[in-house]
Amino acid sequence: MMKDSQRTLVIAIVAALALAAPWVAYPVFLMTALCFALFACAFNLLLGYAGLMSFGHAMFFGMAGYFYGHVVKTWNLPPELGLIAGVAGAAAIGLVTGALAIRRQGIYFAMITLAFAQMVYFFCVQAPFTGGEDGLQGIPRKPLLGIIPTHDDHVLYYVVLAIFLFGFGTIYRIIHSPFGQVLKAIRDNEQRAVSLGYEADRYKLLAFVLSAALAGLAGATKAMVLQFATLTDVSAAMSGEVVLMALVGGLGTITGPVIGAFILVTMQNYLASFGEFVLVIQGVIFVVIVIAFRRGLVGELSALWRARFQPRSTEPETAD
Amino acid sequence: MAEILLKVAGLHAWYGESHILHGVDFQVGRGELVTLLGRNGVGKTTTLRSIMGIVEKRTGSIAFAGRETVGQPSDTIARQGLAYCPEERGIFSSLNVEENLLLPPVVKPGGMSVDEIYRLFPNLLERRRSQGTKLSGGEQQMLAIGRILRTGANLLLLDEPTEGLAPVIVQRIGDIISELKDRGFTILLVEQNFHFAARVADRHYVMEDGKVVDMIAAAEVEQNRAKLQAYLGV
């Protein structure tokens, strides 16, 4: 790992870039990428640290967008309540689906989450409050907390950056807490963790609900930025995309999903002229990553860094 | 015998369809160090795993401190004060030594402090920041034992702690097990290495075909040596 001084320098550079970015790049693009980055981090909390592969995370992301839209547009309430509704709604869906899914392991767990996500998708196609195929459009950008003018893209960017940092910080705290240690232990060897006295299912459920809530925060924020909530965000394709983001960046690394999300969002943005071929290109990249970079970009880079700069005698820190 | 801490009676256990234990009976007094001996495949490990509730399909009676535990899940059993050190050691590979030591929940007062554990295993102190997988076999075994001493559990189930280790390490583990007994831990030890077991144990139970077939006290080992050799096939 890096020395403290190097680490401080890297953090300072990233912070400066993050603050200057909206004056260089298109703010709405950056905000979208930040929302997906948070979504991927939330997904990574579950797969990378608890070892639970969910194929239905779009249900939390997309439903939170609908909750946000409904609260802000239909009920005409302020955006902060919309965000809270998105997080709470996603957490509630996470509690119900998680309670049923975590009773099964591996592929069965993934299939149950996929099945729930499909149910949610078809619910959204039919239910009146989602607007069906049209989605919820024209969600107004009202002042946040009554004072922050979110109609200005540059102002909203800093709001979204703050939300992202809040979510990212929360995940960092979770991973480095005793609870996070137990999650890693369950991922490494569930039976052993149980026979030491941990009720693994309770820990897995809590991780699932936390991941769902944070995915909800990402989804509600995206609805705030783009002013609409659509079926795309609850679709199976979206569930697959978040898996891809986490894998490309590096599972079980804290920054990997952020990098992965930026790469994918950038690709979709700049390759948009290729139309549906974006999916083919994504597929190729996915195959290459899985074959050549098993640990994802961040995972491979930090392994290279350790091999290059670390004397053999010292032990690497526990991967985080 | 002192107060009975663990009493196993008529214990049957299954892995899926195969019936492994056919009515195991034995008991362990508080503060005793008792071994389960026997050849490969007679059900020694299964007995420990059934006591811990890891083997869920089991009938009969396992009473710990007078309370029945058959039918309880593994985590509930662990919280009553039983701790299991499995043969495969089960070190959590993504945690370092100290994190592995701190992970198990404290279930009762009276466990050892981390400093006391490091005093018992100085190697672990040197390697406290090393990841679980970077340890030697002996260090992993020490960590696997050390990890369950902090929780306040008073019955330790140790499954072949000497397997695959160099003689000098086996010696060291023997000393540590004796020291743990002196500290008041009750220990149920599964061993193939009879010379190791004979050095530390108060009594030996011999298992064959999923049953306990004999009990030999430490003082009677010499006059029963021929019989033991027949049981163990050494």
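Angles here run from 0 to 180 degrees between N-to-C directions, with axes fitted to C-alpha atoms. On that footing, in this predicted model, helix α1 (residues 44-51) of chain B runs at about 145 degrees to β7(B). The helix lies across five strands of chain B: β3 (33-37), β6, β7 (155-159), β8 (186-190) and β9.

Those strands belong to an open sheet of six, and the order across chain B reads β6-β7-β8-β3-β9-β10. Pairing in the sheet is mixed. At the edges sit β6 (82-85) and β10 (211-217) of chain B, each with a pairing partner on one side only. From one strand to the next, the twist averages 20 degrees. Over at the β10(B) end, strand β9 (residues 203-208) of chain B runs antiparallel to β10(B), and six bridges join the two. One residue pair can be picked out there: Glu208(B) has Lys211(B), in β10(B), as its bridge partner.

Back on β7(B), take Leu157(B). Setting aside neighbours within four places in sequence, Leu157(B) is in contact with Leu48(B), Ile51(B) and Met52(B), with the run Leu82(B), Ala83(B), Tyr84(B) and Cys85(B), and with Leu188(B). Leu157(B) also turns up among the best-connected members of the largest nonpolar core, which has 165 residues. Leu82(B) and Leu156(B) from chain B, along with Leu38(A), Phe39(A) and Tyr68(A) from chain A, complete the group that touches the most other members. As for single elements, helix α2 (residues 27-50) of chain A gives this core its largest share, 18 residues.

The two chains also meet directly. Chain B puts 23 residues into the contact and chain A puts in 18. On the chain B side, the largest share comes from helix α2 (residues 74-79) of chain B, with four residues. Sorted by class, the side of chain B that touches chain A holds eleven nonpolar, seven polar and five charged residues.

Within chain A, one helix pair deserves a look. Helix α10 (residues 236-249) and helix α13 (residues 296-309) of chain A have axes that come within 3 Å and cross at roughly 10 degrees. Angles under 35 degrees count as roughly parallel, so α10(A) and α13(A) are roughly parallel to each other. Where they meet, α10(A) supplies Leu247(A), Val248(A) and Gly249(A), while α13(A) supplies Gly296(A), Leu297(A) and Val298(A). By class, the residues of this contact are four nonpolar and two polar, with no charged ones.

How values were computed:
Residues are numbered from 1 along each chain as its sequence is written. Chains are lettered from A and ligands numbered from 1 in the order in which they are written. This is a predicted model: local features need pLDDT of at least 70, side-chain atom pairs count only at pLDDT 80 or more; totals for chains, interfaces and linings use all residues. A nonpolar core is a set of buried Ala, Val, Leu, Ile, Met, Phe, Trp, Tyr and Cys residues joined through C-beta atoms within 7 Å. A residue is buried if 20 or more other C-beta atoms lie within 10 Å of its own, exposed if 12 or fewer, and partly exposed in between; C-beta atoms are placed from the backbone. Two residues are in contact if their C-beta atoms, placed from the backbone, lie within 7 Å. Two strands pair if DSSP finds at least two bridges between them. Ala, Val, Leu, Ile, Met, Phe, Trp, Tyr, Cys and Pro count as nonpolar, Asp, Glu, Lys and Arg as charged, and the others, Gly among them, as polar. Angles under 35 degrees count as roughly parallel, over 145 as roughly antiparallel, 65 to 115 as roughly perpendicular and the rest as oblique.
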